[in-house]
Every structure is written in structure tokens, then in C-alpha cells.
Amino acid sequence: MIDQQLLRHLSKKYPNVKAATEEIVNLNAILSLPKGTEYFLSDLHGEHEAFIHMLKSASGVIRSKVEEIFGPELTRDERDALAALIYNAEAEIKRRKKSEEDFGKWCKMSIFRLVLIFKSVTNKYTRSKVRKRLPKEYAYVLDELLHTSDEANKGNYYGQIIATIVECGIAEDFIISFTDVISSLAVDKLHIIGDIWDRGSHPDAIMDYLMGHHDVDFQWGNHDIVWMGAATGNWACITNVLRMNISYNNFDMLEIGYGINLRPLAIMAEKIYGDDPCEFFMPKRLEENKFDPIDDMLAAKMNKAISICQFKVEGQRIKAHPEYGLENRLLLDKINFDKGTVMLRDGEFPLRDANFPTVNPNNPYELTEDERNVLNALEASFLQSEKLQAHIKFMYSHGALYTIVNGNLMYHGCIPMDEDGNFENCTVNGITASGKAYMDYLDTQLRNAYFNPDESEETGRSGDLMWYLWLGSKSPLFGKDQMTTFERCFVADKRTHKEYTVSYYKLINRKDICEKILTEFGLDPKTSIILNGHVPVKIKDGESPVKGGGKLIVIDGGMSKAYQKQTGIAGYTFIFNSRYMALAEHKPYSPLKKDGTQEFHTPAIRTVRTLQKRMLIKDTDLGEELQQEVRELKELVKAYRTGKLKER
Ligand SMILES: O=P(O)(O)OC[C@H]1O[C@](O)(COP(=O)(O)O)[C@@H](O)[C@@H]1O
Ligand SMILES: [Mn+2]
């Protein structure tokens with residue numbers, strides 16, 4: 001039974017039998033449509049161009065539509081050009097303006113072709129859903145192009161509309177909007193399973209783009225969490241994100257994108273390491289900075305200066321939180337400054353760089369006055385960066401530690417388990433929990449850390465939790481025994497760099513374990529699957545992304561350029577539409593060339609599961625909500641009919 005109050009509330013929106021019945025008809029129509037296509041991506045690591053291309057091309061789906069519709073009619077080059085127009089309309093228009101004798105004619109022809117693709121990507125949506133996604137300025141025209149029913153006159157009618165667009169001089173803008181709509185309609189829901197930031201040059205551009213997306217959710221990754229901590233002003237997180245991004249030469253993003261002022265750090269680095277070659281701190285150059293080039297020598301000094309700050313600040317956090325169990329990461333006090341060695345858990349190792357002018361052997365974790373001043377200034381930059389704070393708030397409002405959508409469980413790293421596959425008890429901030437309860441507890445704590453920080457504590461202290469989740473061995477986002485950053489910087493012997501993954505990553509090869517996790521999260525282990533990111537799948541070594549008898553799929557395929565050598569591909573998109581689940585395996589993205597052309601690679605798509613029957617909206621989470629609405633509306637109609645409520 002639905003209560004009277006709810007019915008009275010509903011009656012405000014549906015004041016009579018007719019209005020309520022109309023909505024029931026509308027909802028039932030929606031329920032019988034095929035489910036929209038969901039896309040799952042992870043480990044974007046700042047690769048904005050590759051990522052945006054994956055969305056624009058709908059990871060191969062646009063190409064297959066072009067083939068389906070124009071295969072018999074157009075040449076291969078023409079089909080390539082049409083696909084290229086949808087992927088990057090600005091660039092293609094610019095190129096055509098130069099090469100076409102009659103640019104207006106090219107615009108007309110392109111619009112005609114786009115209309116056919118548009119029809120194909122919208123045919124499983126209701127008219128009202130499509131309307132809601134159209135850009136306001138062209139909604140009327142696009143709706144007409146899509147829905148005109150006068151078959152005999154259609155050619156002429158289209159022709160008129162299109163000719164007017166070209167004559168009015170708005171063809172370029174129209175085509176750009178049109179291609180955006182086509183790409184956006186091909187992807188109904190987007191799930192990002194963590195790690196937007198670090199390594200690649202423009203996570204800021206990715207976030208800007210996603211903030212305009214119609215339906216996106218995030219499952220936080222370790223690289224996201226450490227930025228979320230940095231945004232609370234936490235020094236351990238700030239030094240970590242700066243070290244990583246300086247070491248990848250990402251100055252445009254830091255200084256121009258987020259407005260982080262690195263001048264105090266640069267001045268201090270120059271002062272401390274004037275003569276130090278900082279050989280092992282040279283930045284990796286995956287891309288050049290367009291606006292803020294910093295020469296390698298200065299970048300290396302800044303990298304070393306911020307790394308030392310990181311190890312000192314982390315040492316302080318480790319001592320302040322014995323419950324984190326990170327004492328084995330206290331390494332500055334294990335340095336033998338006379339011998340130039342460090343004592344690690346596997347013995348004593350020589351340091352390849354033993355110049356530590358700012359480390360006081362008697363009190364190695366103490367910051368110098370200069371370092372403190374620099375960190376204060378950096379903290380202010382992070383706290384006051386409007387762009388960063390907006391991105392982080394969006395991560396919170398659209399994100400979580402894990403998410404369940406349409407029966408699938410998504411999380412970035414792992415669920416802590418012991419060797420036998422029991423959910424491991426983990427203690428954080430005084431509370432001990434395991435499995436789902438641990439994840440739920442951390443999720444709440446992470447929200448408090450940003451939105452309700454403990455005012456009485458030093459600034460950013462709440463962010464210690466984010467720092468722990470970035471590198472702690474019981475962090476469901478990290479999933480390794482330790483993070484060996486110090487060793488990577490200072491010790492030549494690569495064996496000391498090794499980070500061992502936790503038991504979980506072995507266990508997930510077992511079907512029963514994956515089913516156990518699904519059950520823990522209240523899902524049906526027969527039909528549900530887990531989508532996992534974080535650990536690059538080494539396809540070139542024969543590793544498969546599909547684990548646990550198809551119950552778990554790891555979709556970190558190495559979108560990060562820095563990791564493509566390891567994986568042998570350039571990322572995955574997991575696709576779940578009304579007919580199947582599939583993995584699109586991407587080749588490295590080739591950027592736009594100077595002559596305005598671009599080489600596009602269509603991903604290899606392999607089906608992971610074919611659904612026995614077409615999945616409809618009524619079978620989805622949304623379908624459940626809509627069916628509840630239908631039940632309520634039926635009660636409302638009954639209330640009107642029996643005189644319990646008055647029609648208006
Ligand atoms: O390869 P890089 O950029 O130096 O980073 C290495 C660090 O990144 C990590 O792998 C974490 O990043 P991922 O979440 O992408 O695996 C650490 O475990 C490791 O210490
Ligand atoms: Mn990760």
C-alpha cells in the first residue's frame with residue numbers, strides 16, 4: 001500500500017486521471033526499450049586526448065555505424081573522413097576549409113550523412129530522451145531532421161533545412177554540435193573506475209570534460225584520493241602529487257591548469273641544490289609544456305627538493321599514526337650518512353645519491369624553515385585553487401569508493417583479504433571492519449575528511465586518511481605491501497623497488513572468491529560481475545583481463561603512456577549494451593599531425609558475454625525505479641476513481 005501523503009504529493013504533479021494515465025503510458029513505453037549502453041574506463045592518468053577520443057569515437061561504435069550505413073555506398077577514404085569528422089570536427093572542418101573547392105557543398109553533404117548516423121544512434125531512445133540531450137540552440141532543427149515523417153518529401157525538406165544552415169553561415173558550429181550529440185548519444189552511462197590524475201599531462205582537461213557529461217560516475221582510485229587529500233591542504237598528499245607531476249614534467253597542468261604557484265619551490269630548490277646534478281631526479285618527458293616550459297635541470301632540483309619534503313612530512317605522519325603500521329617506511333633515520341648507505345628490510349644498500357644538505361642526521365624528519373615556508377605557500381595554492389576544488393567536489397558528488405550499477409560491482413583496487421580468501425579485518429581511525437562494511441566505513445570517513453574536517457586539528461590533518469589510502473598496505477585502493485618511492489629515488493638496486501601486490505590479486509583468479517565478493521556486496525553471483533582497475537594487464541605476456549571464470553574483469557589496459565610498454569596495448573573500454581558485454585582493446589592514440597590529418601585506429605572488440613535475451617530498461621536499476629513510479633501512479637488513478645482524492 002502506498003501512503004496517502006505520497007499520493008497527495010503525486011497529485012500535485014498529476015492532477016487528474018488523464019495526466020496520471022498519460023505518464024503511465026509514457027513510463028511503460030520507456031520500460032520496454034532496450035537498455036542504454038554503459039561504458040567503463042579506468043586508469044586514465046591524465047591522457048586527455050586519448051580519453052576524449054575514446055568517448056568521441058564511442059570506442060569503435062561510431063566506426064561500426066559508419067560501416068553499417070555507408071559500407072556499400074562510400075569509398076574507404078570517404079568513410080574514414082566521415083568517422084574523422086565525428087571524432088574531431090574542429091580539426092576536420094579546418095582541414096576541409098583549405099582543401100575543398102566548394103566548402104558549402106561539403107558542409108551540406110556532411111550534414112546529410114550525419115543525419116543517418118544520428119538516426120542510428122537514437123533509434124533505441126524515446127523522443128523525449130533524445131530531445132533532452134540536444135544542444136538548446138539547435139534542438140529544434142535536430143529534432144526536425146530526426147523525426148520528419150513525410151517520406152515522399154523528405155529529401156526536399158531536409159535539403160531546405162540544411163541549405164538554410166549553410167546559407168546563414170552557422171554550418172561549422174552546427175556540425176560541431178551535431179557530432180558532439182552523436183558521440184554523446186552513443187554512450188548512455190559512463191563509469192570511471194579510478195585514477196584520473198598523475199603521469200599524463202592533463203587530468204584537469206579530463207575533469208573539465210567530464211563535468212559536462214550527461215551521466216558519469218567515479219570509483220575513486222589511489223591517484224584520485226591523493227589529490228583529494230591534497231585539496232584538503234594535507235602536506236603528505238601535496239608533496240606526493242607535486243613530486244609525481246614534477247617528475248613527469250607536468251608544469252602546464254600544475255601552474256596554468258590549477259594555478260599552483262611553484263615559484264617558492266623553484267627558488268628554494270635552486271638555493272639548496274645549486275651544484276647538485278640531481279641526476280636521478282630528471283623529469284620524464286612524455287609531452288612538452290606549451291606555456292610553462294621549465295628546463296630539465298631546474299625541474300630535477302625541484303623534484304629532489306619536494307621528494308625530501310615528502311619523506312620528512314611522511315615520517316611525521318607515520319609517527320603521528322602508529323595505527324597505520326607504516327614504521328617500516330621510516331627510512332631517513334636508516335641512512336648512514338658517513339658510509340652513504342641505507343638499511344632496508346632486505347639489508348644495507350648503497351645510496352646512488354647521498355647528498356642530503358637539508359637533512360639533519362640527528363632529527364631527519366624535521367623540516368627546515370625554508371621547507372616549511374615553501375609548504376605553507378603550496379598549501380595556500382591548493383586550498384585556493386578554484387579549479388581544483390571544483391574538480392574535487394565533482395569527484396565527491398559523482399563518486400564513491402565502490403558503486404553498484406545494473407548488477408555490476410565496480411571498484412578501483414581491491415577488497416582486502418587474507419591468503420585464504422577471508423575478508424581481512426582492517427583498523428582505521430579506531431574502527432575495525434572488513435569486506436563491505438570496511439568499504440562503507442571508509443567512504444563515510446573520506447566524505448567527512450573533506451566536508452567536515454576536524455577544525456581543532458592542524459590544517460589538513462583529516463587528509464591523513466587520504467594519504468594512508470594512497471599507500472597503506474590495507475588500503476583497498478593501493479593493494480600492495482609498500483610503496484617504495486624512497487628506494488626508486490635513491491637506491492640503484494632494482495630489487496629494492498619491487499612492490500608486492502596483496503593476496504587479493506592472486507585470489508581473483510578463483511571463481512569462488514569472486515562470487516564470494518559479489519555475495520558480500522549483496523549481488524547475485526550468477527549474473528553479476530566485478531569491474532576492477534588499478535593493475536595494468538600485461539597482455540603482451542599473455543595475461544588475460546578476464547579473471548575468475550569471467551566473474552571479474554580488470555580494465556587497466558595501460559592508457560597511461562608510461563605503462564604501454566608493460567601492457568602492449570593502450571587501454572580498454574568495457575562496453576555493456578542491451579545485447580552483450582565486450583572489451584574494446586585500444587591501440588596507442590596518434591595525435592593530430594601538423595597538416596591537419598590524423599591517423600585513427602579502430603579498437604579490436606571482443607565479446608565477453610552474450611546476453612540470452614535483449615536487456616530492456618525494465619531489467620535495469622532505472623527500470624526498477626520507473627516500475628515503482630508506475631505502481632504509485634496506478635494507486636493514484638485508483639484514488640481518483642474511488643473518490644479518495646479529488647481531480648483537478
Ligand atoms: O611508474 P611511476 O609513475 O614512477 O609510479 C610508480 C608508483 O605508482 C604506483 O604504481 C601507483 O600507481 P598505480 O595506481 O597506477 O599503480 C606505485 O605503486 C608506484 O610506486
Ligand atoms: Mn591505481
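**Entry 1: β8 and β9.** I began with the pairing of β8 and β9, which is antiparallel and runs over four bridges, and I note at once that I am reading a predicted model. Looking for a residue pair to anchor this, I found Ile 404 opposite Leu 409 of β9. The two strands form a hairpin with two residues between them, and there I noted that Asn 406 takes a positive phi near 45 degrees.

**Entry 2: the side chains of β9.** I then asked which way the residues of β9 (408–411) point: Asn 408 and Met 410 go one way, Leu 409 and Tyr 411 the other, and all are buried. I set beside this the general expectation that side chains in a regular strand alternate between the two faces of the sheet.

**Entry 3: from β9 to β12.** Following β9 to strand β12 (residues 530–532), I counted three bridges and found that these strands run parallel. The bridge partner of Tyr 411 in β12 is Asn 532.

**Entry 4: the whole sheet.** I next wrote out the strand order, β8-β9-β12-β14-β13, for an open sheet of five strands with mixed pairing. The edges are β8 (402–405) and β13 (546–547), each of which has a single partner strand, so that one side of each lacks a neighbour in the sheet. At the β13 end I looked up the pairing with β14 (residues 552–554), which is antiparallel over two bridges, and I recorded Lys 547 as bridged to Leu 552 of β14.

**Entry 5: ligand 1.** Turning to the ligand, I listed the residues around ligand 1 as Asp 195, Arg 199, Asn 222, His 223, Lys 480, Met 483, Thr 485, Glu 499, His 534 and Ala 562. By character I find this shell made up of two nonpolar, four polar and four charged residues.

**Entry 6: the protein as a whole.** I closed with the overall figures, starting with the secondary structure, which comes to 26 helices and 17 strands. For the dimensions, I noted that the C-alpha atoms fill a box of roughly 90 × 70 × 45 Å along the principal axes. I checked the radius of gyration of 28 Å against the value near 26 Å for a compact globule of 648 residues, and the two agree. Of the 648 residues, 42% count as buried. Finally, among the contacts with a separation of 6 or more, 72% are accounted for by residues 24 or more positions apart.

Key
Residues numbered from 1 in each chain as written. Chains lettered and ligands numbered in written order. Predicted model: local features only at pLDDT ≥ 70, side-chain atom pairs only at ≥ 80, totals over all residues. Near = placed C-beta within 6 Å. Nonpolar A, V, L, I, M, F, W, Y, C, P; charged D, E, K, R; others polar. Pairing = 2+ DSSP bridges. Rg over C-alpha atoms; globule rule 2.2 N^0.38 Å. Buried ≥ 20, exposed ≤ 12 C-beta atoms within 10 Å, placed from the backbone. Contact = placed C-beta atoms within 7 Å.
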